[in-house]
Amino acid sequence: MGLLNDARWMGAALALSERSRGRTAPNPNVGCVAVRDGVVVGRGWTQPGGRPHAEAMALAQAGAKSRGATIYATLEPCAHVSPRGPACADLLVEAGVARVVMALGDPDPRTNGKGAARLRDAGVDVVEGVAEVPARAAMAGFLTRQARGRPFVTLKLATSLDGRIALPSGESRWITGPESRAHAHLERARHEAILVGRRTAEIDQPRLDVRLPGLEARSPRRLVLSTSGDLRRPGDIAALEGVDHLLVEGGAETAAAFLREKLVDRLLLYRAPILIGAGKAALGDLGLAELGAAHGRWRLTDTRMLGSDRLEVYAAS
């Protein structure tokens, strides 16, 4: 029952972490739940801009009930003191928690194992690796920035069944239905920045904002890829400050450029049940010399119906 309960409460912490995805860079979007005697006494998630941290928020909510509690954190509590706040490992020790369950160790060299060690040295029982796989998915932006020095990149494609994104005339509104478009706006709200190519920006003049009630303030930063735009080549995304999640929305040549450079980590494919025939292809040249090179690159992680459209989500292998 202990492991089952740990997985259950970590699931709640992971759900909380999703509330701040796309708003905490360069800090990770962590979720935290404080539990005592089987009852939640505190909840927290990293706040916009990165502070307060999830653990600090949960402890503040729990107050005196933190003593003897079990803390479920999706990432190892930080061990470094910042001008913006104390180390979470120290806060947990001072609060008198009995146990800390964490999904992942923190790859940041300022913490990396030091947070867990500080807790153990203070007599706190520490459990690691609970719900590690979903935690990696939840904090993919932070982890990709730490490991690869760039944002986690999601490429969105909305196509007909035959892979077209527009009629020969360029007309593309709307290929997919309202449910797919609403889902795409939710995805925008989960990213710090959104990017399109110059031609898409000039011809379509997309707003690239979030138009869901209550989430309008979470519109991402807008970027254009061109010789005179915000970025001149896909590799420049490494230099984007405060961006750990980047959404690429088009057009065909921009999408192909990111794929050629192997910079796409996640693919969102919205497919409408229509056939267009002659029209504009979803992708430009990928530079493939042989068909075999196209296989084994993508792994299906999710699929669902959105109205009459089908969404398929793929992760890069």
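**View 1. The β1-β2 hairpin, joined by six bridges in this predicted model.** Here β1 and β2 run antiparallel. Look for Arg36 near the end of the pairing in sequence terms: its bridge partner in β2 is Val39. Two residues sit between the strands of this hairpin, and Asp37 in the turn has a positive phi of about 55°.

**View 2. The five-stranded sheet around β1.** Zoom out from the hairpin and you get an open sheet in the order β2-β1-β3-β4-β5, with mixed pairing. Which strands stand at the edges? They are β2 (39-45) and β5 (125-128); each has a single partner strand, so one side of each is left without a neighbour in the sheet. On average, neighbouring strands here are turned by 15° against each other, direction ignored. As for β1 (residues 31-36), it also pairs with β3, in the antiparallel sense and over four bridges. To find that pairing by eye, start at Ala34, which stands opposite Ile71 in β3.

**View 3. Helices lying across the five-stranded sheet.** Helix α2 (residues 54-62) lies across β1, β2 and β3, and runs at about 140° to β2. Helix α4 covers another set of strands: it lies across β4 (99-102) and β5, running at about 150° to β5.

**View 4. Helix α3 against helix α4.** Two packed helices are described by the angle between their axes and the distance between the axes. What are those values for this pair? The axes of α3 (residues 88-95) and α4 (residues 114-121) come within 9 Å and cross at roughly 20°. An angle under 35 degrees counts as roughly parallel, so that is what α3 is to α4. The crossing is right-handed. On the α3 side the contact is made by Ala89, Asp90, Leu92 and Val93, and on the α4 side by Gly115, Arg118 and Leu119. Sort the residues of this contact by type and you get four nonpolar, one polar and two charged.

**View 5. Arg84 and the stretch around Arg51.** Arg84 belongs to the loop between β3 (70-73) and α3. Which residues does Arg84 touch, once its neighbours within four places in sequence are left aside? Gly49, Gly50 and Arg51. Take the last of these: Arg84 and Arg51 are 33 residues apart in sequence, yet their C-alpha atoms are 7.2 Å apart in space. Arg51 has another feature to look at, since a cis peptide bond joins Arg51 and Pro52, with omega about -5°. Pro52 itself sits in the loop between β2 and α2.

**View 6. Two more backbone spots in loops.** The peptide bond from Ala25 to Pro26 is cis, with omega near 10°. You'll find Pro26 in the loop between α1 (2-17) and β1. The other spot is Ala131, in the loop between β5 and α5 (132-138). Ala131 isn't a glycine, but its phi is positive, near 60°.

**View 7. The span that UniProt annotates.** An unreviewed UniProt entry places the feature "domain: CMP/dCMP-type deaminase" at residues 4-127. In the model, the end C-alpha atoms of that span lie 13 Å apart. Residues 4-127 are 31% helix and 19% strand.

**View 8. The seven-stranded sheet.** Follow the strands of this open sheet across and the order is β9-β8-β10-β6-β11-β14-β13, with mixed pairing. The edge positions go to β9 (221-225) and β13 (298-306), each with a single partner strand, so one side of each is left without a neighbour in the sheet. Direction ignored, neighbouring strands of this sheet are turned by 20° against each other on average. Within the sheet, β6 (residues 152-159) and β10 (residues 245-250) run parallel and are joined by four bridges. One residue pair to pick out is Phe152 with its bridge partner His245 in β10.

**View 9. Helix α7 over the seven-stranded sheet.** Which strands does helix α7 (residues 178-189) lie across? The list is β6, β8 (193-197), β10, β11 (266-271), β13 and β14 (309-316). Relative to β11, α7 runs at about 160°.

Methods: Residues are numbered from 1 along each chain as its sequence is written. This is a predicted model: local features need pLDDT of at least 70, side-chain atom pairs count only at pLDDT 80 or more; totals for chains, interfaces and linings use all residues. Side-chain values use heavy atoms; hydrogens and water are left out. Two strands pair if DSSP finds at least two bridges between them. Axes are lines fitted to C-alpha atoms, for helices over the stretch in contact, and angles run from 0 to 180 degrees between N-to-C directions. Contact means heavy atoms within 4.5 Å. Angles under 35 degrees count as roughly parallel, over 145 as roughly antiparallel, 65 to 115 as roughly perpendicular and the rest as oblique. A crossing is left-handed if the near helix is turned anticlockwise from the far one by less than a right angle, and right-handed if clockwise. Ala, Val, Leu, Ile, Met, Phe, Trp, Tyr, Cys and Pro count as nonpolar, Asp, Glu, Lys and Arg as charged, and the others, Gly among them, as polar. UniProt positions are given in the numbering used here, feature names are shortened, and annotations may be inferred rather than shown by experiment.
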